[in-house]
Structure formats: structure tokens, C-alpha cells
Amino acid sequence: MSYIATARAAAYRTFCDTANKSASSLRFESFITWLIIANLFALVLERIPAFYVGYEDSYDLFDRLSIYIFTAEYALRLFAASGDPRFAGKRFATLRHALTPFALIDALVIIPYWLQMMGLINLDLRVLRALRLLRLLKLLRDIIPAVSAFRRVNAGKTARQKVYALMNETPTSGRLHQQVDFIFILFIITSVIAVFLETVPTIYEPLKNEFHYFNLLTIFIFTVEYLLRLYSAPEGAVEDSENSSSRWAWAKRPSSLIDLIAILPFYVQFLITVDLRFIRVLRVLRILKLTRYNTAISTFVSVMKRERAAFMSAMFIVVLITILSAAIVYTVEHPVQPDKFDTMVRALYWAVITLASVGYGDITPVTHIGQAFTMVLSLLGIGIVALPAGILGSAFSDQLHQQREQMIHDIEEALEDGVLSKEEEEKLEQERIRLHIPEKQFALMKSRAMLRHAADFSIEKVVHTAATDINRLRETLKALPADEVFAEIRKLNLPESEQAALRVLLN
């Protein structure tokens with residue numbers, strides 16, 4: 001193989017081989033993906049004068065850098081084409097790659113820019129903006145192979161089973177499920193950001209139509225998500241998966257209710273008159289949908305159940321000190337500041353703010369006794385208020401450690417017979433998914449458990465071999481005259497303990 005062919009193969013393995021999950025190629029693909037998304041956001045921000053006017057050169061520089069990177073990517077993929085297994089050993093590998101749909105999309109993204117820069121064409125600004133939107137098609141490079149892999153792995157399954165595997169992480173979900181989750185997470189975060197940005201006139205007015213259509217798109221996506229999850233819910237039921245009650249049970253879950261709240265206000269406003277401020281608050285609640293993609297809430301609930309007694313004791317101390325402090329300060333300050341400390345409720349507000357922070361300054365004691373008490377209370381609050389946080393932090397760390405230890409125990413239990421069956425592999429994979437343990441960390445757990453099992457097996461083998469040799473030695477020694485054996489033992493320069501062990505074998 002020539003040096004150029006070797007370099008092409010190395011370039012393909014390093015930057016383009018996402019099928020085999022090459023770490024460098026996955027990082028390169030992720031970088032290109034985020035660059036495309038950044039281009040989309042830049043395109044939106046250019047419509048907002050507050051973000052664009054005065055920064056035109058920066059936006060132009062970012063656009064040119066993006067084109068340079070996309071051009072380098074295109075050239076790199078052409079160079080590495082012969083390393084692609086699809087074209088390996090075939091003539092005109094570079095040309096074959098250039099004619100693939102993905103390569104044509106890559107070319108369409110960069111060619112208009114270079115033609116415009118060389119003066120060969122003169123495109124309208126709106127046309128250039130539309131061509132920049134074509135960069136989103138580059139995302140299909142990762143989506144289409146994931147779709148093919150998903151269809152291959154789930155071949156022979158029913159439509160409902162496929163939908164369940166797509167919407168929920170299962171051993172057959174594959175990369176397509178991760179991409180769908182990424183799209184949902186991106187829309188959740190972006191829609192919440194949009195709610196806040198709508199309250200800024202300088203941003204909302206230039207993009208009023210864009211905000212409206214984006215909200216409609218978000219509602220459509222979240223509605224489709226909810227319906228797909230509802231449709232496939234019976235597949236996740238433990239039993240009676242064909243009964244409609246399983247869908248009702250799914251609909252009553254907290255995560256399902258959050259999904260419903262995310263879309264319900266939009267449809268309710270067509271039936272009844274709803275305050276727009278109330279709708280805005282409900283739209284912000286979409287951020288709770290992120291709890292589906294993180295085990296923090298379930299871990300927090302487990303921690304609270306386990307440490308409930310300690311946490312309630314700490315909170316009792318905090319409440320007790322707060323109430324007593326409010327009563328004392330009210331008694332001291334009310335005669336002097338009847339307008340500030342007019343009620344004990346206002347004094348309670350002061351006590352909470354003082355214990356939890358350094359106070360807002362809107363209500364402060366002016367008497368010497370009140371000021372001295374405030375200093376003591378502020379110092380006391382540093383330790384007292386931090387006590388529940390310390391309990392929760394320690395419990396969180398312990399809970400995560402227990403989950404990892406339980407996972408290792410499950411792996412070792414599955415390895416008792418020396419091998420992992422397909423059923424055991426699927427069970428462990430489901431547990432890994434439930435605990436959101438990364439694949440690399442899970443592989444490390446398995447390798448450590450296998451090494452430990454191999455070490456235990458080796459010790460067992462050594463002990464078994466030694467016991468066999470001892471039995472054989474005992475039978476040999478007993479076949480000889482005892483006096484002669486004792487005499488021979490005394491002649492050996494062995495430690496007394498070893499001589500005693502040999503004499504025991506003779507008895």
C-alpha cells in the first residue's frame with residue numbers, strides 16, 4: 001500500500017468512521033453538528049438589530065470561518081473516500097463519493113460562496129440566506145445511517161414496539177433514539193428561552209412572526225411526542241400490555257402530566273378565554289420535561305425517603321430558631337420601629353432572610369440589643385441553614401455510590417457461571433439505561449467484574465489443586481513406616497511449623 005493510500009485510510013478512520021464509533025470521528029462529527037446549529041442561531045440573531053447592528057464584521061467573520069471549515073471538511077472527506085469500505089478497491093473512489101447525496105449537499109453549501117467571492121455570480125442577500133439554511137441538511141449525514149441501523153435492529157417487530165424503542169431507551173433503540181432525544185431537549189430549552197425573550201421588546205418586535213411560527217412548531221413536536229408515547233405505552237407495561245388501562249396508568253405519571261401541561265394551554269385557549277400571563281407561566285413549565293432525560297429527580301426522591309428523619313430534624317431546628325428569632329426581634333424592635341416591625345409576620349420575614357443570607361436591608365434592627373442579636377443570628381445561620389444542604393449532599397453522593405455498587409453486584413451475580421447469556425446482557429443493559437450509566441463506564445465495570453471473577457476462579461483452582469496434592473502426600477506418607485518418616489523429617493532443616501504440619505499428615 002502506498003503512502004497516499006495509507007494516509008487516506010488513516011484520514012477516514014480518524015475523521016469519517018462513525019459507523020465503528022471511532023472516538024475522534026465522533027468528536028469531529030459532533031463539532032460539525034454544533035457548528036451547523038450555531039450557524040442557524042447566527043442567522044436568527046442577524047434579524048435582531050440589537051444584536052446585529054455594530055457587530056456586522058463579527059457575523060461576517062463567523063460566516064466565513066464556517067465556510068472555510070465546511071470546505072476543509074468537504075476536501076477531507078474527498079481525500080479519505082478511498083478509505084470508505086463502500087468504495088474500497090474500486091476505481092474512481094473520490095468521484096464515487098462526490099456523487100453521493102451527502103457529498104452533493106456539502107458541495108451545495110460551499111460552492112455558492114466561493115462563486116460569489118470570485119465574482120462569477122451575484123446572488124441576492126435573501127438567496128444567500130436561503131442557501132445558508134441548506135447547511136441544516138448536513139445533519140442528515142448522521143440521521144440517515146441511524147435510521148437504517150434502527151430499522152435493521154428492530155426488523156420483525158410491530159409498529160408499536162418500534163415506536164416504543166424510538167421514544168424510550170431500550171437495548172434496540174440505537175443512536176436514532178439519542179438523536180430524537182437531542183431534538184426534544186433542544187426544543188425544550190429553546191422554547192423556554194423564547195418565552196423569556198418574548199418579554200424583551202427589542203428582540204420580540206423584529207422577530208414577532210418567527211416567535212409565532214416557532215411556538216407552533218414546538219407545539220406540533222411536543223404533541224406528536226405525547227401521542228407517540230401514549231400510543232406505545234402498553235409496551236412498557238409489566239403485564240396486561242394490551243389493555244387500555246396501561247395507557248391510563250402512563251397518562252397519570254408525573255412525567256406524562258408534565259408533557260400534557262406543555263401542550264394543553266395552546267389548545268385550551270381556543271375553547272375558553274385564558275390569561276396570557278398564565279399561559280406564559282405554563283410554557284415555562286416545559287423545562288420540567290428535561291426531568292425525563294435525567295435521573296436527578298428520582299435520585300432526589302430516593303435520597304429524601306432515606307434521609308427523611310435526619311433532614312426533618314435539621315429542618316425542625318431551623319424552623320425553631322427562625323420562630324424564636326422573629327419573636328425576640330419583634331419584642332425588641334416593635335416599640336422603636338412600629339412601621340418596620342409592625343407584625344410578627346414581618347419579623348418572621350426578617351428572620352428567614354437573615355438566617356438564609358445577609359439580609360436585604362429593607363428591614364434592619366436599630367436598637368443595640370437587636371443589632372447584637374442580628375450578628376449572632378447571622379453567624380448562627382451559616383451553620384444551621386447549611387446543615388440540611390450538607391445532609392442532602394452527603395446522601396446524594398452515597399446514593400450514587402450505592403447505585404454503582406449495585407450495578408457491579410448485578411454484573412458479578414450474572415458472571416457466577418463464568419459467562420454472560422443474552423438474557424443477562426439485556427437485563428444488565430436495561431439496568432444501565434435506567435441508571436444512565438455511560439457505555440464506557442459500564443464496559444469498565446464489566447471488565448473489572450470479569451477480572452475479579454477470573455481471580456476468584458484462579459484462587460479456587462489453586463486451593464483445589466493444593467488440597468489434591470495434600471491428600472496424595474498423606475496417602476504416600478502413611479504407606480511408609482512412621483518411625484523412619486519422623487527421622488527423615490527431623491533431618492530436614494524445616495521450620496518447626498512445617499515439621500508439625502508433616503507430622504499431622506502422618507496421624
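**Exercise 1. Is Arg47 buried, partly exposed or exposed, and what is its relative accessible area?**

*Solution.* A quick reminder before we start: this is a predicted model.
- Step 1: Arg47 has a relative accessible area of 38%.
- Step 2: Buried means under 20% and exposed means over 50%, with partly exposed in between. So Arg47 is partly exposed.

**Exercise 2. Find the salt bridge between Arg47 and Glu210, and work out what it ties together.**

*Solution.*
- Step 1: Look at the two side chains: they meet with N and O 2.7 Å apart. The cut-off for a salt bridge is 4 Å, and the pair is indeed a salt bridge.
- Step 2: Place both ends. Arg47 sits in the loop between H2 and helix H3 (49-52), while Glu210 belongs to helix H12 (residues 208-232), so the bridge ties together parts that are 163 residues apart in sequence.
- Step 3: Check the partner's surroundings. Glu210 has a relative accessible area of 34%, which makes it partly exposed.

**Exercise 3. Take two more salt bridges, Glu29 with Arg77 and Asp60 with Arg64, and describe where each one lies.**

*Solution.*
- Step 1: Start with Glu29 and Arg77, whose closest N and O atoms are 3.2 Å apart. Glu29 is in helix H2 and Arg77 in helix H4 (residues 56-79), so this bridge joins parts 48 residues apart in sequence.
- Step 2: Ask about burial: both Glu29 and Arg77 are buried.
- Step 3: Look for further partners. Glu29 and Arg77 turn out to be linked with Glu73 in a network of salt bridges.
- Step 4: Now for Asp60 and Arg64, which meet at 3.0 Å, N to O. They are four residues apart in helix H4, so about one helical turn separates them.
- Step 5: Check accessibility again. Asp60, at 39%, counts as partly exposed, and Arg64, at 27%, is partly exposed as well.
- Step 6: For the full tally, the structure holds eight salt bridges.

**Exercise 4. Count the aromatic pairs, then classify the one made by Trp34 and Phe182.**

*Solution.*
- Step 1: The count comes to ten aromatic pairs.
- Step 2: In our chosen pair, the ring centres of Trp34 and Phe182 are 5.5 Å apart and the planes meet at 90°, so the pair is edge-to-face.
- Step 3: Trace the chain. Trp34 is in helix H2 (residues 23-45) and Phe182 in helix H10 (residues 174-197), so to speak distant parts of the chain, 148 residues apart.
- Step 4: Trp34 counts as partly exposed at 48% relative accessibility, and Phe182 does too at 32%.
- Step 5: Don't miss the cluster: Tyr68, Tyr113 and Trp114 are linked by ring pairs.

**Exercise 5. Describe the largest nonpolar core and the neighbours of Phe184.**

*Solution.*
- Step 1: This core has 14 residues, and those with the most contacts inside it are Phe184, Ile221, Phe222, Tyr226 and Trp250.
- Step 2: Find the contributors. Helix H9 (159-167), H10, H12 and helix H13 (245-251) each give two or more residues, and the largest share, four residues, comes from H10.
- Step 3: Zoom in on Phe184. Leaving out residues up to four places away in sequence, Phe184 touches Met167, Ile221, Phe222, Glu225, Arg229 and Tyr293.

**Exercise 6. Compare the reach of helix H17 with its expected span, and list some of its buried residues.**

*Solution.*
- Step 1: H17 covers residues 308-333, which is 26 residues.
- Step 2: From first C-alpha to last, H17 reaches 37 Å, close to the 38 Å expected at 1.5 Å a residue.
- Step 3: Its buried residues include Phe311, Ala314, Val318, Ile321 and Glu333.

Terms used: Residues numbered from 1 in each chain as written. Predicted model: local features only at pLDDT ≥ 70, side-chain atom pairs only at ≥ 80, totals over all residues. Heavy atoms only, no water. Expected span 1.5 Å × (residues − 1). Buried < 20%, exposed > 50% of the residue type's maximum accessible area, 1.4 Å probe, protein only. Phe/Tyr/Trp six-rings, centres within 6.5 Å; stacked < 30°, edge-to-face > 60°. Core = buried A, V, L, I, M, F, W, Y, C linked by side-chain atoms within 4.5 Å. Contact = heavy atoms within 4.5 Å.
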